[in-house]
Amino acid sequence: MKYFIDQLQQKIEEKDSRICVGLDPHLEMMPENVLAAELLEDIETNQKEIADSVLKFNQNLIDAVADMTAVVKPQMAFYEKLGVPGMECLWQTIAYAKTKDLIVLLDGKRNDIGSTAGAYAEAYLENKKIGVDSITINPYLGSDGVLPFLENKEKGAFALLRTSNPSAVDLQDLKLDDGRTVYQAVGDFLQDLGRDYLGECGYSNLAAVVGATYPKELKEIRSQLDSVFFLIPGFGAQGGGAADIKAGFDEDGRGAVVNSSRGINFAYRQEEYSYFGAENYAKAARAAAEKMKKEINDVLK
Ligand SMILES: O=c1ccn([C@@H]2O[C@H](COP(=O)(O)O)[C@@H](O)[C@H]2O)c(=O)[nH]1
């Protein structure tokens, strides 16, 4: 039995890649040759056709980046939006990623009271037909809501710590009586809880989400938490760059992966990659992923 976090760290090192490729099918950004615009005029009626197109899109993206990423992160919201066909598309996307030996991090930000958290953990982490390796969770219900996601040591959970959105500050930066911010207290909580789930790599199966868009806080959180692995979203479309995420890694360039979704999925829409054309969206995605991988490796040298 190999701990989730050791599997992840090993794959990152094998591929020498610290990127995570999000699979976020924003329908309005899809290439016309994959998804005809008129189908979007009545999404509910056309769910099945749209979901079939999304699956094809995802499979082509996965083929394009499989050799240069350890992990893919489908964002559940975009699949849930397409009803039952969307969920089928999600499971087939995950199954396809597993045939390419990728680690799957399902972005669903689930959680609830302990008994319901257990049902979520079973639904996503124990379903052998689906093959999800890890899931994002909300830690605000406390330990009984988090522990069910850690029961299986081959699986992992990424708890929201300091998110990448502009209004992250509204609640996460509030000051507690002991002088810590809410996010610092969440960080201490996750590190303490995660100590029973440490892999050989020194990081825990209980990982955390810390946004690339707040480099000062990212640096501070990394120095606070030495055994918590980070997923760092906010690279690319949200404005984060390689210099911003550098401090999220440890001194050996370990302990984090950086996510980009729109920046890779829809690279063909960016001026830099527009020469590929919409029909070569997968090639454009590969070029964007390659650039991101290199920029991150260079900044960590
Ligand atoms: O703090 C957070 C937590 C999660 N996300 C998710 O990551 C991707 C980012 O997508 P981009 O297109 O690269 O902006 C998306 O699925 C978010 O839901 C985040 O951005 N920030």
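How far from an oxygen atom of the ligand does a polar side-chain atom of Asp24 lie? Select Asp24 and the ligand: the separation is 2.6 Å. Keep in mind throughout that this is a predicted model.

**Stop 1: the ligand and its contacts**

Keep the ligand selected and add Ser164. A polar side-chain atom of Ser164 lies 2.6 Å from a nitrogen atom of the ligand. Next, show the main chain of Ser261, where a backbone N or O atom is 2.9 Å from an oxygen atom of the ligand. Now turn on a surface. On its own the ligand has 460 Å² of accessible area, and the protein covers 88% of that.

**Stop 2: the shell**

Expand the selection to the residues around the ligand, which number 15. Asp24, Ser164, Gln238, Ser261 and Arg262 are the ones that come nearest. Colour the shell by residue class: 3 residues are nonpolar, 7 are polar and 5 are charged. Then switch to a cartoon and pick out β3 and β8, each of which supplies at least two residues of this shell.

**Stop 3: the largest pocket**

Hide the ligand and look at the space it leaves. That space is the largest pocket, with a volume of about 370 Å³. Its lining comprises 24 residues, and those closest to the pocket centre are Lys73, Asp107, Ser164, Pro233 and Gln238. Ser164 and Gln238 were already selected in the shell, as two of the residues that come nearest to the ligand.

To place this lining in the fold, select residues 103-110 for β3, 256-260 for β8 and 262-265 for α11; these are the elements that give two or more residues to it. By class, the lining of the largest pocket holds 7 nonpolar, 12 polar and 5 charged residues.

**Stop 4: the second largest pocket**

Which residues are closest to the centre of the second largest pocket? Select Gly236, Gly263, Gln270, Tyr273 and Ala288, which have that position among the 17 residues of the lining. The volume here is about 240 Å³.

Leave α11 highlighted and add α12, residues 281-300: these two elements give two or more residues to the lining of the second largest pocket. α12 gives the most, with 4 residues. α11 also gives two or more residues to the lining of the largest pocket, which makes this helix a useful landmark for moving between the two views.

Finish by colouring the lining of the second largest pocket by class, as before. The split is 8 nonpolar, 4 polar and 5 charged.

Notes. Residues numbered from 1 in each chain as written. Predicted model: local features only at pLDDT ≥ 70, side-chain atom pairs only at ≥ 80, totals over all residues. Heavy atoms only, no water. 1 Å grid on protein atoms, 1.4 Å probe; cavity = no way out; pocket = protein on both sides within 12 Å on 5 of 7 lines; lining within 4 Å. Points joined across faces, edges and corners; volume = space filled by probe spheres on them. Nonpolar A, V, L, I, M, F, W, Y, C, P; charged D, E, K, R; others polar. Near = heavy atom within 4 Å. Polar contact = N/O pair within 3.5 Å; in protein donor to acceptor, adjacent residues only side chain to side chain. Areas by Shrake-Rupley, 256 points an atom, 1.4 Å probe, with all protein chains shown as cover. Sits in = over half its atoms within 2 Å of the grid points.
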